[in-house]
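This briefing covers selected strands, one helix, the enclosed cavities and some backbone details. The sequence and structure come first.

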Amino acid sequence: MAIERTQEPWSALLEAGAQDGRLVHEGIWRPTHPGPTRPSNATLVEPPEELHPQVLEALQRMGIEQLYSHQAQALHAAWAGPTIVTTGTASGKSLCFNLPTLDVLCRDPKARALYLYPTKALAQDQARALNAFGLHERVRPAIYDGDTPRETRKDIRRRANVVLTNPDMLHVGILPNHQAWAELWANLAVVVIDEAHVYRGVFGSHVANVLRRLRRIASGYGTEPRFLLTSATVANPVELAERLTGLEDIELIDEDGSPAPNRRIAVWNPPLTDEKLGARRSALGEAGELLAALVSGGARAICFMKSRKGVELLSRLVKQELEGSSQPELAALVEPYRAGYTPQQRRELEGRLTRGELRAVITTDALELGIDIGELDACVVVTFPGTVASLRQMWGRAGRRGRGLAMYVAGEDALDQFFCRHPEDFLERPVEAAILDHESPEIHMAHLLCASFEAPLSSEDAQILGPRWEAYAETLVSTGELRKRASRGASAGAGSRSGGVGGSGGGALYVPRNAGDYPPARVSLRSASPDSFAIVNIASGELLGSTEAARAHSTVHQGAIYHHQGRSYEVQTLDIAQRQALVKPFDGDWYTRPKRETDTTIERLLDRREALGVKLSFGQVSVTETVLAYQRVRVSDHKQVDLVTLDLPTTSFTTQALWYELDAQALAEMVSMEKLLGTLHAAEHAQIAVLPLLAMCDRWDIGGLSTNLHPQTQGPTIFIYDGHPGGVGITRTAFARFEELCRDAHGLISECPCTNAGGCPSCVQSPKCGNLNEPLSKPGAGMMLTEMLAPAATAAAASGRLVF
């Protein structure tokens with residue numbers, strides 16, 4: 001279809017891509033929401049007269065004479081109760097929570113507000129936004145995070161009435177030391193949770209527990225703060241807000257009154273270099289040329305990469321391309337932005353961004369969120385960022401001057417190529433649901449232990465912690481981490497630590513068994529299990545992070561290449577006794593893949609139904625893994641270098657899973673016996689590859705096992721399980737939407753043009769396969785899924801609907 005183009009900095013670029021076939025889709029994108037379409041022109045209303053006069057005057061000084069309709073709606077909703085706002089990127093969501101917060105602070109000199117941000121850059125940006133109102137006598141914002149000098153922390157606790165922090169600092173620094181923050185807790189009126197869609201999976205399940213601990217402490221000081229949330233568009237915003245906070249009756253604001261800029265969409269697929277194997281030119285090389293061309297054409301651009309190493313490499317490629325051009329001076333106006341900078345470096349770069357001094361910035365997801373970085377013309381996203389919601393959030397960065405370019409450069413991964421074959425589906429597809437489970441057993445029990453440190457647990461806590469908290473507490477008693485004692489009256493036994501928190505409730509109290517323990521220090525908000533291995537860089541002595549014990553053998557075994565914040569490290573030693581992996585920086589041309597032997601045991605059936613001709617089940621399983629060896633693979637051509645054997649003990653963990661049982665006779669009629677295991681294995685891989693389209697997760701969060709004879713089901717069975725101990729609800733979503741999962745997996749396989757019987761990375765080969773992608777039968781998996789979907793296709797056809 002011919003596309004009419006006005007002359008823009010990217011016009012020649014798109015014309016060339018259309019001619020040589022790399023531009024696989026072009027169109028105009030106006031963001032839509034589950035509710036009404038975002039208007040082309042703004043819907044404006046007058047600020048409510050009920051706003052405090054000083055806030056109204058501040059808006060006038062800032063030149064804001066009218067509000068977008070959703071901002072006024074959010075303000076009224078915030079006065080009435082908890083809210084979540086999910087309007088589009090650059091729709092002014094910050095005013096939706098800043099206005100009600102400022103109104104409270106101007107009316108009550110003692111009132112306090114707590115703002116939670118997932119990144120330090122967002123907190124800095126919001127502090128600037130609050131100061132811009134000029135209400136310095138009434139509003140005293142301060143950032144309290146890991147960069148805050150220790151000498152200023154006491155003054156912040158005493159003076160600030162808006163504290164901007166992150167979930168980690170709240171968890172490990174503020175809640176356990178709540179007495180030092182008594183003034184905050186006794187006057188806490190508002191809690192703001194910005195970018196709530198970030199809090200999903202393991203991280204979200206932790207944060208949901210932290211927020212319940214926050215409500216518990218606030219209640220102990222006699223306050224019940226109003227929760228105001230914002231989020232990118234997700235499929236389940238109210239459910240997300242309720243699961244995060246534990247509150248009910250949260251009002252959704254999703255009718256966007258801000259104008260939607262016209263963004264030209266370009267889906268770009270690097271050319272094939274090997275048709276049989278499905279290999280393509282590097283997405284990084286393509287992106288380097290594209291970004292240099294945009295900068296040379298006069299565009300201001302942002303480019304998103306998954307890894308910090310990729311950010312640095314792409315930055316060098318773009319600079320080299322520009323240095324060899326007719327405008328070499330532009331190379332100095334291209335900068336990378338990633339995690340790992342010093343606070344001073346980060347602030348300096350953010351300043352250059354907001355002042356418009358840079359022509360291009362290349363970043364990880366650090367700038368995906370709502371930081372104000374000025375007006376941009378183009379956004380380039382290199383490879384699929386994991387969710388459609390994230391892609392749209394990134395694309396929303398471009399076109400803040402009324403028009404822009406939103407470009408997606410595909411890699412060779414399965415989802416990338418799936419979307420290149422279905423760009424319209426890609427653009428119109430509903431966004432994913434944000435999944436979390438605050439009662440994931442290991443996560444929930446870890447936070448119950450933290451809560452008991454903050455104040456003794458009692459029967460009164462059921463209202464906030466939920467009706468099942470005491471059963472989990474009893475488990476902690478049985479493992480020797482909590483002890484149970486009789487209540488001695490209100491706040492009995494709370495001592496100096498709990499202040500006014502911790503009621504008697506007339507029943508037993510639960511307190512830490514070890515009085516000198518500090519439980520929050522052992523709980524990482526990014527890990528599903530407190531049993532973890534520390535990862536230490538022996539070159540610098542720096543603690544890089546930790547990994548769950550259940551995953552340590554496969555991710556940080558001796559010789560493994562470990563990636564952390566975009567940098568690569570080689571594991572020198574895995575010390576099982578000391579629970580640590582010692583690593584050193586690595587710059588070689590290979591990566592590693594573990595070879596594992598995996599077994600699953602069904603522990604508990606929770607749900608079952610018939611679906612697509614198979615018996616589909618959901619429940620708890622025990623996953624047992626033994627890492628036998630690891631394969632070294634060259635980065636440049638993905639060829640195997642060697643296979644190194646390992647001698648590691650077996651590990652196991654309990655998690656959630658779905659599994660489905662297939663008819664052995666029907667399979668035997670469809671594929672030969674020697675192809676049966678490859679058929680099941682390939683189908684499992686395809687389903688895991690497309691599961692992130694239904695639930696906001698990464699394929700690395702999911703595990704799988706396929707067998708032609710499982711000892712418990714006595715037949716061919718495919719298991720798909722949450723890769724984290726306890727599970728966080730990912731496979732529960734897959735169980736509920738199994739038919740969609742199978743349709744997407746069928747499309748992934750049937751439409752991939754590779755002719756290799758074992759498939760390719762764009763269909764059934766997985767970068768995380770514990771059996772090193774052997775055996776795989778792409779044709780067999782395609783036939784099996786076709787047969788499963790046939791009854792659904794017949795029923796759909798009878799009702800006039802199309803499935804394929």
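Which residue in strand 27 is the bridge partner of Arg593? In strand 27, Gln631 is the bridge partner of Arg593.

The model is predicted, so local features need pLDDT of at least 70 and side-chain atom pairs count only at pLDDT 80 or more, while totals for chains, interfaces and linings use all residues. Residues are numbered from 1 along each chain as its sequence is written, and side-chain values use heavy atoms, with hydrogens and water left out.

**Strand 27 and its partners**

- Strand 27 covers residues 614-634; strands (E, at least two residues) and helices (H or I, at least four) are DSSP runs numbered from the N terminus.
- Of the 21 residues in strand 27, 15 are buried, where buried means under 20% relative accessible area, exposed over 50% and partly exposed in between (1.4 Å probe, protein chains only).
- Strand 26 (residues 590-611) pairs with strand 27 in the antiparallel sense over 20 bridges; two strands pair if DSSP finds at least two bridges between them.
- The hairpin of strand 26 and strand 27 has 2 residues between the strands, and in it Leu612 takes a positive phi near 50°.
- Strand 29 (residues 651-661) is also antiparallel to strand 27, with 11 bridges, and Leu658 in strand 29 stands opposite Phe618.
- Strand 28 (residues 640-645) runs antiparallel to strand 27 and is joined to it by 5 bridges; here Arg632 stands opposite Asp642.

**Strand 1**

- Strand 1 (residues 23-29) is largely enclosed by the rest of the structure, because 5 of its 7 residues are buried.
- Strand 11 (residues 262-268) runs antiparallel to strand 1, and 6 bridges join the two.
- Arg264 in strand 11 is the bridge partner of Ile28.

**Helix 9**

- The 20 residues of helix 9 (residues 201-220) should span 28 Å at 1.5 Å a residue, and the end C-alpha atoms lie 29 Å apart, which agrees; the expected span is 1.5 Å times one less than the number of residues.
- Helix 9 is mostly covered, with 18 of its 20 residues buried.
- Gly222, just after helix 9, takes a positive phi of about 85°.

**Cavities**

- There are 3 cavities of 30 Å³ or more in the structure; a cavity is a set of points, on a 1 Å grid over the protein atoms alone, where a 1.4 Å probe fits but cannot get out.
- The largest cavity holds about 50 Å³ of space, a volume being the space filled by probe spheres set on the points, which are joined across faces, edges and corners.
- Residues lining the largest cavity include His206, Glu442, Val523 and Pro530; lining residues have an atom within 4 Å of a point.
- Helix 17 (residues 441-454) gives the most to this lining, with 3 residues.
- The lining divides into 5 nonpolar, 4 polar and 1 charged residues, with Ala, Val, Leu, Ile, Met, Phe, Trp, Tyr, Cys and Pro counted as nonpolar, Asp, Glu, Lys and Arg as charged, and the others, Gly among them, as polar.

**Backbone details in loops**

- Glu774 and Pro775 are joined by a cis peptide bond with omega of about -15°.
- Pro775 is found in the loop between helix 25 (738-750) and helix 26 (778-798).
- Leu772 lies in the loop between helix 25 and helix 26 and has a positive phi of about 55° although it is not a glycine.
- Leu772 is buried, with a relative accessible area of 13%.
- Asp249 has a positive phi near 55° and lies in the loop between helix 10 (237-245) and strand 10 (251-253).
- Asp249 counts as exposed, at 68% relative accessibility.

Terms used. On a 1 Å grid over the protein atoms alone, a cavity is a set of points where a 1.4 Å probe fits but cannot get out, and a pocket is an open set with protein on both sides within 12 Å along at least five of seven lines; lining residues have an atom within 4 Å of a point.
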